[in-house]
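Visitor: I am new to this structure and should like to learn how to read its features. Where may we begin?

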Amino acid sequence: MRTLKFVLIGVVLFFIVFPLFMMTKYSISDRESIVTGGEYPEPFFPFQPTMEMFGLLWSRGDFLKAGLTSLWVGLLAVAFSLLLGAPTAYALARFRIPGIAILLFFLLSVRLFPDISAVIPVAELLLSRPFSLLPPVILVGLAHTLLALPYTVYIAKGVFESIPRDLEEQAFVLGAPKSSTFLKILTPLALPGLGAAAIYTFFLSWNEFIFAYFLTFQGTETTLPVYLLRILSWSPQKNFISAISVLICVPVIIFTFLVQRHMREGLTAGAVK
Amino acid sequence: MAEVRLKDLTKKFKDVAAVDNVSLNVRDGEFLTLVGPSGCGKSTTLRAVAGLENPTSGNIFIDGERVNDLPPQKRHISMVFQSYALFPHMTVESNLAFGLKIKKKGPEEKAKRVKWAVELLGLSGFEKRLPKELSGGQRQRVALGRALVLEPKVLLLDEPLSNLDAKLRLRMRTELKRLHKKIKTTIIYVTHDQAEAMTLSDRMAVMKDGRILQVGTPGQIYEKPADVFCAGFIGSPPMNFLPGEKVPQVKDKNVVVGIRPEDLSISLSRIDAGIWGRSSVTETLGSDSYLHVDTSEGLVSVRLKSDQGILEDKPLWLVSHKEKLHLFDKSTGRRIT
Amino acid sequence: MPGSIRISSLLLRLKSNLFTIGFFIPAFLYLFSFFVIILIFLLKFSFSGNLPLLSLFSSAEFKQALWRSLCFMGVGTPLQLVVGLLLALLIQRSFRGVGAVRSLFMIPIAIPALVTAIIIDLLFSYPFGPVNDLLLGRHGFFPQLVSVPVNWSGSEFLSLGLAILGKTWRDMPISMLILLAGLHSIEREQYEAAKTMGAGAWQEFKYLTLPLLTPAILTILILRSIENWKEFVFPFVLAPSYPLLGVLIERLYHVEQNPALAASVALGLVILIALTTLLFTAITKVVRRYLVRV
């Protein structure tokens, strides 16, 4: 029974790691290892590993530009969702009113639409005046805020609930106004938890494809996933497309390990009672 | 019914011995309590008997048969857990019948045994309820019933009363004792509450750091504690300990003297055999009152006789009959007879 | 007047909490106004001019996409449940290194869906790719199963199958985590109690794990069916020739430049999801009632 379990774990791990291994392998493959012409099977490790593709990407301005766009969009989404979400989460955590469940429902309601359905009206709205005058980075950032905000509120609500109410009451009794209590007492305490929400938001934005694709369909300024898709439409070599994929994945995988616990909370948010 | 024998039982987790070379005989039909502070190994011992832990070394015999390698269900034991571990999705009836169903008993026998348990434990009318629709005491009884319907040779109880509120706990204590009188199954009972152990047990084993310090009837342990720990652990409020040289009747600095609060009497005038102190506060526990006296060796508690008035902040002398003193070796902590 | 007293005390409470309420408003406005905008846009488009929403019912393209989406949902949902359950059961009990294994099991969700889809596309590429190499028996360690390379993207069945595979691979940590939380809410003592009463591993699973996990399982069925209905990225990359609803929306919007029709399909998708959720919720109620009284 135990042996079977560990064998199965091994099998699952193989299926998880194998595609990623292949992606990495392709990214450092030389020409002979990918263009076989059917004369020999593709090797499981390149004949002559090379970093050529990464060098090529580094020298290409459009890749770096897409990377910067992704970075800016992510940071904007983080800033917007924290500025909007943290106060709301605080209010939800502290203010007890009857109808709070309804308010929560309205907060989350926008996520009831599937992304692929919501994106049409959002694109129609943001790609027409006056919004279309804004740079695409901001448009995509706004859209990603829309996606991330409900999660930010949910995570931050948990963070504020974990801070004892006594602290605020103590500050209140000592005569501190509410605004400075929030800024000077609560915010520092909540910062680590909010940081997790920020990282979650950033990678939601980093990985997001649908909204970025629709909102930057025509322009030259796009995020990395959309850039990847555009490259794909030229039918590029396997090694080139894999090198881009590797570069998109590396930061996410690293950070997944760092903020795993909070990610788990975000993913199962509201699913388990 | 059966006797249980533990021989040199040791259970190590990593390198720490949770149970350290324990030997114990539980007699047929006896109510034996393992009592000790948390982490003393009492639960691990019980779980080893149940077959939920594999002993690192040593043997366990039930009715003379070595059961070390038997799975729990082949040991003819039943266990009641601290959390009751009732199955939340099953009704009282299904919970009671679960073990019988696993053992593939016929429907008639199942119904008969369940009915027996329901009546024995006063659960009539609750058969169709879910655990969450029951009170704490009722849940406790369902857990007991679920163990009893299997007619175990040995019933293992792991702190079964600790999740109940104080009042209910006292009532269930009495019920448990009555139940044991009626069914006469061998019971091994684990608790950290010495009062529970004193009132329930035929015999009790005091455990500390994985070892059994003393086995005996509650009376034996109370009157002749084997060492300083047993003396201090059993009895409430606990025994007072004084260094031998400070007690005029003893005058021996290699000895620790233990005196129970009820064995001390108070004199307001000087007594040569007495210990001087100053009365501090009185604590009333219903029928009994205890006076705390500040002595040069710290606070000493004394049970007050009912006719004694309020004595606070007065100098006084404490004295005890010499035969009521418990003497312990200062270095080993063992009793000196 | 008790009514006016109630109102005035409510006003007082509102006033004393004005600060908190003020906090609540910005995010609420942002999300709620988008909700309203999306809803209005979808409705406006769907019922504009010649009622594109109704014209869908006579469109062969829509019916085909609907059928494909239904298959995608119908196959993907139970598959993802079973895979999630397997993973959760594997790491349910603690063992040395369980934390590391769980972290590794989490990797797929971190990879962008588009990248996952592209990796699968590379692995199953035609005519020469790792999987075809394997099936053709070009590696010594694997038996030859086919004589000509398989054209995965050329077959409706195979390409949608790959899309389901990709979706399942990427989302398995989500189902796993929900089921794991469900499993961990079952106390260890309940298993031990069952064991002392003679239950074996299979009986423990049948009488304890499965019934106690039912709420989590139903949650997953609902969440997964929604996810599968609305899936876009995997079929978009792996089965572009065989659009299901999500891909059809994109095509109508970008290729055919017909936002009204695209919005109609989008609204149709919302309705389908709502209906499926209602259906599963009803099933949940029935199953729960049945399970409560074993």
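Guide: We may begin with an interface. This is a predicted model. Between chain B and chain C the buried area is about 2,200 Å², and carbon and sulfur atoms give 62% of that area.

Visitor: How many residues of chain B and of chain C are in contact?

Guide: Chain B brings 30 residues to this contact, and chain C brings 21.

Visitor: How many salt bridges does the rule find across the interface of chain B and chain C?

Guide: A salt bridge is read from a distance: a side-chain nitrogen of Lys or Arg must lie within 4 Å of a carboxyl oxygen of Asp or Glu. Across the interface of chain B and chain C the rule finds 1 salt bridge. B:Arg47 and C:Glu192 form a salt bridge through their side chains, at 2.4 Å from N to O. Polar contacts are counted as well, and 5 residue pairs, both at pLDDT 80 or more, are in polar contact between chain B and chain C.

Visitor: Which elements of chain B each supply at least two residues of the side that touches chain C?

Guide: They are β6 (77-80) and α2 (92-102) of chain B. The most comes from α2(B), with 5 residues. By class, this side of chain B has 15 nonpolar, 7 polar and 8 charged residues.

Visitor: Of the 2 pairs of chains in contact, which share the most contacts?

Guide: Chains A and C share the most. Their contact takes 83 residues from chain A and 79 residues from chain C. Together they bury about 7,700 Å², with 82% of it on carbon and sulfur atoms. The rule finds 0 salt bridges across this interface, while 9 residue pairs, both at pLDDT 80 or more, are in polar contact. Helix α1 (residues 2-27) of chain A gives the largest share of the side of chain A that touches chain C, 14 residues. That side divides into 60 nonpolar, 14 polar and 9 charged residues.

Visitor: How far apart do the closest C-alpha atoms of chain A and chain B lie?

Guide: They lie 15 Å apart, and no contact joins chain A and chain B.

Visitor: How is a sheet to be read, and what is the order of the open sheet of 5 strands in chain B?

Guide: One follows the strands from partner to partner. Here the order is β13-β17-β14-β15-β16 (chain B), with antiparallel pairing. In chain B, β13 (264-267) and β16 (298-303) stand at the edges; each has a single partner strand, so one side of each is left without a neighbour in the sheet. From one strand to the next, the twist averages 45°. Within this chain, 4 bridges join β14 (residues 275-285) of chain B to the antiparallel β17 (residues 315-320) of chain B. B:Arg278 stands opposite B:Pro315 in β17(B).

Notes
Residues are numbered from 1 along each chain as its sequence is written. Chains are lettered from A and ligands numbered from 1 in the order in which they are written. This is a predicted model: local features need pLDDT of at least 70, side-chain atom pairs count only at pLDDT 80 or more; totals for chains, interfaces and linings use all residues. Side-chain values use heavy atoms; hydrogens and water are left out. Two strands pair if DSSP finds at least two bridges between them. Axes are lines fitted to C-alpha atoms, for helices over the stretch in contact, and angles run from 0 to 180 degrees between N-to-C directions. Contact means heavy atoms within 4.5 Å. Buried area is the accessible area (1.4 Å probe) that two parts lose on being put together, summed over both. A polar contact is a pair of N or O atoms within 3.5 Å; within protein, one must be able to donate a hydrogen and the other to accept it, and residues adjacent in sequence count only if both atoms are side-chain atoms. Ala, Val, Leu, Ile, Met, Phe, Trp, Tyr, Cys and Pro count as nonpolar, Asp, Glu, Lys and Arg as charged, and the others, Gly among them, as polar.
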